[in-house]
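Trainee: I would like to learn how to read salt bridges and polar contacts in a model. Please take me through one.

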Amino acid sequence: MGTRALYFNSNVITISLAGLANGNFATSSAVDNSSNLFMVVDIQITLKTGSGIPVFPNRPTVALFLLRSVDGGITFDDANDNAQMIDVFQTKNDATSYTFTADTSNIGQLPDFWKLAIKNKTGVAFDSTPANFNVIYTGKKLESLPIGV
Amino acid sequence: MGTIRSLYTNNQPVTISMDSLPDGSTAISDTINNSTHLFLTADFQLKYTTTVSTTPLGLVELLIIRSADGGATFDDADLNAESIGSFAANEDATTFTVSTDTALSGQLGDYFKVAVKNGSGAIFDANPANFSLKYLGKQYEMV
């Protein structure tokens with residue numbers, strides 16, 4: 001018997017990023033994984049930086065955090081620097097669109113209810129046009145195969 | 001041929017007393033019996049509340065205390081205990097809700113405890129309602 005990957009693309013995460021102030025967190029709506037039962041996901045973020053990003057030696061970045069629930073979506077972790085970090089991405093240019101993806105595998109199996117938090121650490125507010133932002137994910141499971149497949 | 005997917009068991013309680021825990025001290029939970037649930041890993045969610053005079057670098061640590069003989073003998077809850085999460089406690093009189101996945105410490109044993117070490121720089125808040133520790137058990141299933 002073998003095992004192979006099983007993918008479920010283009011799931012949307014609802015989160016408001018346009019105009020997010022520097023140093024602030026945006027928190028998504030709850031992601032209900034209780035029926036999809038994805039073990040891990042790839043989260044892809046498209047965003048546009050604002051104007052006036054500080055130059056070197058500043059390190060403008062955007063950080064992704066997972067906010068867990070262990071009680072079926074009633075209580076979630078706080079969206080602050082204590083939250084479980086998934087990844088950090090560099091965003092060094094002004095008024096520029098970036099698309100990047102993070103795999104949640106490095107923080108373990110996902111729970112049944114979770115949220116995504118995104119912290120703007122670019123030094124300035126994000127662009128203000130909602131159309132310049134998008135967050136989606138690919139859910140991942142495994143599929144067992146009979147011997148010989 | 002089948003699909004391997006997540007299997008969850010929510011809202012598992014942990015019995016532990018954290019209110020008024022002095023700075024530098026460790027609270028240890030009652031034994032968690034995993035011999036029937038058989039969870040592979042778990043997400044632990046901890047709520048704690050600081051008082052005044054926390055330090056700028058104050059931390060609260062969550063530790064796992066293992067047994068390898070069916071719950072008769074457990075690790076000491078000291079410097080050698082394995083940390084499964086380290087969280088900032090650098091704001092006075094503030095409630096924090098944080099979580100961690102035990103996966104990075106390997107598969108859970110059949111009997112274990114968890115411990116919370118107060119390294120905030122000050123005694124914890126005195127109200128038991130400002131503290132909680134619970135977990136989500138995780139397995140896989142094939143359908």
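Mentor: Here is a short walk through the salt bridges, then one loop residue. This is a predicted model, in which local features need pLDDT of at least 70, side-chain atom pairs count only at pLDDT 80 or more, and totals for chains, interfaces and linings use all residues. Residues are numbered from 1 along each chain as its sequence is written, chains are lettered from A and ligands numbered from 1 in the order in which they are written, and side-chain values use heavy atoms, with hydrogens and water left out.

Trainee: How many salt bridges are found over all chains?

Mentor: General idea: a salt bridge is a side-chain nitrogen of Lys or Arg within 4 Å of a carboxyl oxygen of Asp or Glu. Searching the whole structure gives ten over all chains. One of them pairs K140(A) with D42(A), 2.7 Å from N to O.

Trainee: Where do K140(A) and D42(A) lie in the chain?

Mentor: Strands are DSSP runs of E, at least two residues, numbered from the N terminus. K140(A) sits in strand β9 (residues 134–145) of chain A and D42(A) in strand β4 (residues 40–48) of chain A. The two are 98 residues apart, so this pair links distant parts of the chain.

Trainee: Is K140(A) buried or exposed?

Mentor: Buried means under 20% relative accessible area, exposed over 50%, and partly exposed in between (1.4 Å probe, protein chains only). K140(A) has 14%, so it is buried. D42(A) has 24%, so it is partly exposed.

Trainee: Which chains hold D43(B) and R68(A)?

Mentor: These side chains meet in a salt bridge at 3.6 Å, N to O. D43(B) lies in strand β4 (residues 41–49) of chain B, and R68(A) in strand β5 (residues 61–68) of chain A, so the pair joins two chains. Both D43(B) and R68(A) are buried. They also belong to a salt-bridge network with D101(B) and K138(B).

Trainee: What does the side chain of D81(A) meet?

Mentor: D81(A) forms a salt bridge with K119(A), 3.2 Å from N to O. D81(A) is in the loop between β5 and β6 (84–90) of chain A and K119(A) is in strand β8 (residues 113–121) of chain A, so parts 38 residues apart in sequence are tied together. D81(A) is exposed, because its relative accessibility is 54%. K119(A) is buried, at 12%.

Trainee: Now the loop residue. Where is T94(B) found?

Mentor: T94(B) is in the loop between β6 (82–88) and β7 (95–101) of chain B. Its side chain reaches the backbone oxygen of D92(B) at 2.8 Å. Contact means heavy atoms within 4.5 Å. Setting aside neighbours within four places in sequence, T94(B) is in contact with Y48(B), T49(B) and T50(B).

Terms used: Helices (H or I, at least four residues) and strands (E, at least two) are DSSP runs, numbered from the N terminus. A polar contact is a pair of N or O atoms within 3.5 Å; within protein, one must be able to donate a hydrogen and the other to accept it, and residues adjacent in sequence count only if both atoms are side-chain atoms.
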